[in-house]
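Q: Could you take me on a close look at one part of this model, the largest nonpolar core and the helices packed around it? I'd enjoy one connected walk-through.

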Amino acid sequence: MVIMGHDHGAPPAAAGTLSGTYRKRLLWTICISASITLLQVLGSVLSGSLALLADAAHSLTDAIGVSLALGAITLAQRAPTPRRTFGFYRVEIFSAVLNALLLLAIFGWVLYTAIGRFSEPVEVKGGLMLGIAVLGLAANGAGLWLLRDAKDHSLNLRGAYLEVLGDALGSVAVIIGALVILLTGWQAADPIASIVIGLLIIPRAYGLLRDAAHVLLEATPQDMDLADVRRHLLEEPGVLDVHDLHAWTVTSGMPVLTAHIVVAEQTLRGEDHGLLLARLQACVGGHFDVAHSTLQLEPEGHQEDGSALHD
């Protein structure tokens with residue numbers, strides 16, 4: 001006799017994914033990034049600064065990236081179907097991957113253009129460059145404030161936050177370059193600042209791709225130790241062994257777990273097996289914040305090797 005139990009606990013955000021909670025903040029962040037982009041493009045044309053243009057491209061990537069995040073969140077709110085039993089939650093992760101690839105493409109363009117500026121220097125108006133950069137930094141600060149607590153709850157929102165943070169650091173690089181030009185007249189400070197902006201992109205893109213790949217490969221959630229999960233399950237009265245233990249992440253804040261639980265034959269034939277399932281699901285839900293668990297109760301001897309542990 002084999003008994004299956006399912007725990008269909010909802011994700012922490014009532015509307016679906018955690019990211020859905022911050023939809024309005026993403027909309028404001030998109031407006032801010034788009035405004036910064038227009039301001040920096042105008043400033044680049046008037047001042048001749050490549051660093052401002054690079055930062056504008058970075059801001060445009062922010063706007064596109066956050067728009068992708070918002071679109072993914074909207075799709076993720078759609079109800080599951082018989083063909084897509086987890087709905088569109090995974091779209092958020094694909095959005096994060098595309099976001100990272102956009103960052104890498106921007107880095108390549110900035111590096112190529114900046115190298116050309118060393119052989120063909122352009123006179124830059126440092127004062128105008130400085131003023132636009134300061135305004136950009138202030139706007140990015142507002143964007144960071146909007147997403148300050150969202151970054152810890154969703155990979156998708158973390159990507160959006162890192163976009164804005166990188167752009168803020170880019171504005172700092174532009175400010176430093178403008179000050180160097182104003183104080184020394186050294187025009188090479190502009191393409192150097194552009195390269196610095198490009199280099200800021202690399203670790204952000206790498207981290208985002210690494211974490212997204214972890215989810216797409218259905219690896220064990222980073223904050224979950226399967227050995228610890230197994231130990232907690234074995235401590236429950238009536239549990240003899242645990243095998244075929246798997247855990248993965250559907251999307252940010254939505255871990256999933258399955259396991260086969262070996263119990264005595266009389267436990268399955270008794271009336272308390274339902275209570276045992278409820279205790280086990282409460283165990284993984286309470287200790288490990290598992291949104292959805294599927295546990296199968298089976299008698300001794302049902303599995304020849306009941307000690308297997310799978311990531």
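A: Happily! A nonpolar core here is a set of buried Ala, Val, Leu, Ile, Met, Phe, Trp, Tyr and Cys residues joined through side-chain atoms within 4.5 Å. Please keep in mind that this is a predicted model.

With that in hand, let's start at the centre of the network. The largest nonpolar core has 29 residues, and M129 and V174 touch the most other members. Helix 2 (50–76), helix 3 (91–119), helix 4 (126–146), helix 5 (155–184) and helix 6 (189–216) each supply at least two residues of this core. The biggest contribution, 8 residues, comes from helix 6.

V174 is a good residue to select in your viewer. Leaving aside residues up to four places away in sequence, V174 touches A51, L52, D55, M129, A133 and I197. M129 thus turns up again, now as a contact of V174. Apart from this core there is a second, separate one of 22 residues, with L233, L257, L277 and C283 among them.

Now follow helix 6 to L208, which lies in that helix. L208 counts as buried because its relative accessibility is 2%, and the cut-off for buried is under 20%. The C-alpha atoms of L208 and A96 are separated by 6.7 Å, although the two residues are 112 apart along the chain.

That pair leads us to how helix 3 and helix 6 pack. Their axes are 8 Å apart, and the packing angle is about 160 degrees. Angles over 145 degrees count as roughly antiparallel, so helix 3 and helix 6 are roughly antiparallel to each other. Their crossing is left-handed. Sorted by class, the contact of helix 3 with helix 6 has 25 nonpolar, 3 polar and 3 charged residues.

Helix 4 takes part in another packing, this time with helix 1 (residues 23–47): the two axes come within 10 Å and cross at roughly 170 degrees. Helix 1 is therefore roughly antiparallel to helix 4. On the helix 1 side, the contact is made by R25, W28, T29, I32, I36, L39, Q40, G43, L46 and S47. Helix 4 contributes L128, M129, I132, L135, G136, A139, N140, A142, G143 and L146, so M129 appears once more in this contact. The residues of the contact of helix 1 with helix 4 divide into 12 nonpolar, 7 polar and 1 charged.

Technical notes
Residues numbered from 1 in each chain as written. Predicted model: local features only at pLDDT ≥ 70, side-chain atom pairs only at ≥ 80, totals over all residues. Heavy atoms only, no water. Buried < 20%, exposed > 50% of the residue type's maximum accessible area, 1.4 Å probe, protein only. Helix = DSSP H or I, 4+ residues; strand = E, 2+ residues; numbered from the N terminus. Contact = heavy atoms within 4.5 Å. Axes fitted to C-alpha atoms, helices over the stretch in contact; angles between N-to-C directions. Parallel < 35°, antiparallel > 145°, perpendicular 65-115°, else oblique. Left-handed = near helix turned anticlockwise from the far one by under 90°. Nonpolar A, V, L, I, M, F, W, Y, C, P; charged D, E, K, R; others polar.
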